[in-house]
Amino acid sequence: MAPSTVDYTLYLVTDSTPAILGGKDLVAVVKAAVEGGATIVQLRDKTSDTSELIQIAKQLHQVTKPAGVPLLINDRVDVALAAGVDGVHIGQDDMDLKSARKLLGPGAIIGVTANNLEEALEAARDGADYLGVGTVYATPTKENTKSIIGTAGVQQILSELAAQGFGSVKTVAIGGINAGNAQRIMYQCAATEKQLDGVAVVSAIMASHDPKTATQNLRKLISEPPPFASSTSKKQLTRNDIVAQLPDIIKRMAERKPLCHNMTNLVVQNFAANVALAVGSSPIMSNNGLEAGDLAALGGSLVINMGTTTPEMRSNHLKALAAYNAVGGPVLLDPVGAGATQHRKDGVKALMAGGYFDLIKGNEGEIRTVSGAQGVKQHGVDSGASQLTLEDRVKLVTGTAARERNIVLMTGATDVVSDGERTLTISNGHKYLGEITGSGCTLGTTIASVMAVERDDKLLAAVAGILMYEIAAERAGIREDVKGPGTFVPAFIDELYRVRQECVNGDSRWVDAVKIDVV
Ligand code: 3NM
């Protein structure tokens, strides 16, 4: 098979260890996977003798060849030659690519493991047919991997390959990929101009008790956009468009009264539930991941707020995230105090590796942590003084949203919100929002409430939620009965309720206060 015609969509890497293969027969598993739709197979066996390996390779080749599925051998050029298979996969510590090519010839398929940009560029330069890019996520299958690079690391490699003229080298992501994340990885890694050609898995197929069904399921998932993908193209937003649509969006939310599921911190649970009621959604404050599946089926949205975090909460968050992702229910991440402690920094990574967030909102320190910036030091949950210019904030928010293929909101005196293509700044709000607890958290509740209903354009939904919230705060802040933060809170809840009622009654004068700029 000519290397250029290989289909890398679903790449099976074998593993014969008892922990993965169990009592199953290797050849039978590969046969089932090929029947299920694996498009390329690599025999990876670090323990068998050379003669045994050649035997196994020949047996596997009898299964893969008739199906037109290439078979490669991990590391062992000699075994590939002896068994007459299609090529090899070489790791960074194996024989070098040029020597392998000399021995195998131009018709062989040769792939290389690339854990970072330098390795990827070198392999592409030396003529690799494909790169196994990873380790995407931590995996017990290969514990001594050099580093976990996440989807962000894969994307960085993809865009640099394209930028440096290696757009034609094929790429598969590897490490911790399974039915729960394959679709999201393909989706998020399609954000750059160079897309992934497929995913490589070991345990997701080799450890399955039904490898054929597991393979079929993975193939199906990879071929379809994930449930949370936006189906419509992104229309350019102007200030006038937004202002014109705002009252109707809030009205639709109030009439639909969507469920807004809040997994939030101990400090703001009551306040967040009252804000949800005021804006017109139906709050449920369940922190139990085991009931998230039932709740996700009700068509609402989810807020995951990392405040007052514990290890148990993280596991509940991950369960709920998976449940909402599976049905495309919008999920908002509020990485409260993300840069404050190591547990929270790890938490952000674990949550972003565990699922897709339609929107991530945070203050400057939190969004910098989400973006992967090193050395962010947050004191508690406050952002502290801004360290970035507005231009830098715009760049960071737009870049992070483009990378994650979602919406990112950085709050501040001027909020910056973007879906990676369209970026807006909003300067509404009142200083008392900074003097009460939970104003950031309940902004998340408000935005999630709108996103539950306004799913086609989630950026527009976010903007509507922010404006409703911040203009209600302005109205509350200037009321005569408001003397300070204490009297502000009930007045603010009243004003959220009044804005919503005005929208329902067709009174849209409140939008005159909108302070928004399209970047
Ligand atoms: N190579 P699973 S990770 C074989 O990062 C291999 O280069 C990796 O196993 C790399 O699909 C890995 O079970 C194991 O997570 C992947």
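A polar contact here is a pair of N or O atoms within 3.5 Å; inside the protein, one must be able to donate a hydrogen and the other to accept it, and residues adjacent in sequence count only if both atoms are side-chain atoms. By that yardstick, an N or O atom in the side chain of Thr139 sits 2.6 Å from an oxygen atom of the ligand. Keep in mind that this is a predicted model, where local features need pLDDT of at least 70, side-chain atom pairs count only at pLDDT 80 or more, and totals for chains, interfaces and linings use all residues. Numbering runs from 1 along each chain as its sequence is written, and side-chain values use heavy atoms, with hydrogens and water left out.

**Ligand site**
- Thr135 puts a polar side-chain atom 2.4 Å from a ligand oxygen atom.
- Val202 joins in through its backbone, with a polar atom 2.8 Å from an oxygen atom of the ligand.
- On its own the ligand exposes 420 Å², and the protein buries 96% of that (Shrake-Rupley areas, 1.4 Å probe).
- In total, 15 residues surround the ligand (a heavy atom within 4 Å), and Thr141, Gly176 and Ser203 are among the closest.

**Domains**
- The protein splits into domain 1 (3-223) and domain 2 (239-518), with bounds from an automatic or database domain assignment.
- Their centres, taken over C-alpha atoms, are 40 Å apart.
- Eight residues of domain 1 are in contact with nine of domain 2 (heavy atoms within 4.5 Å).
- Over in domain 1, Leu131 has contacts beyond four places in sequence that include Val112, Leu161 and Lys170.
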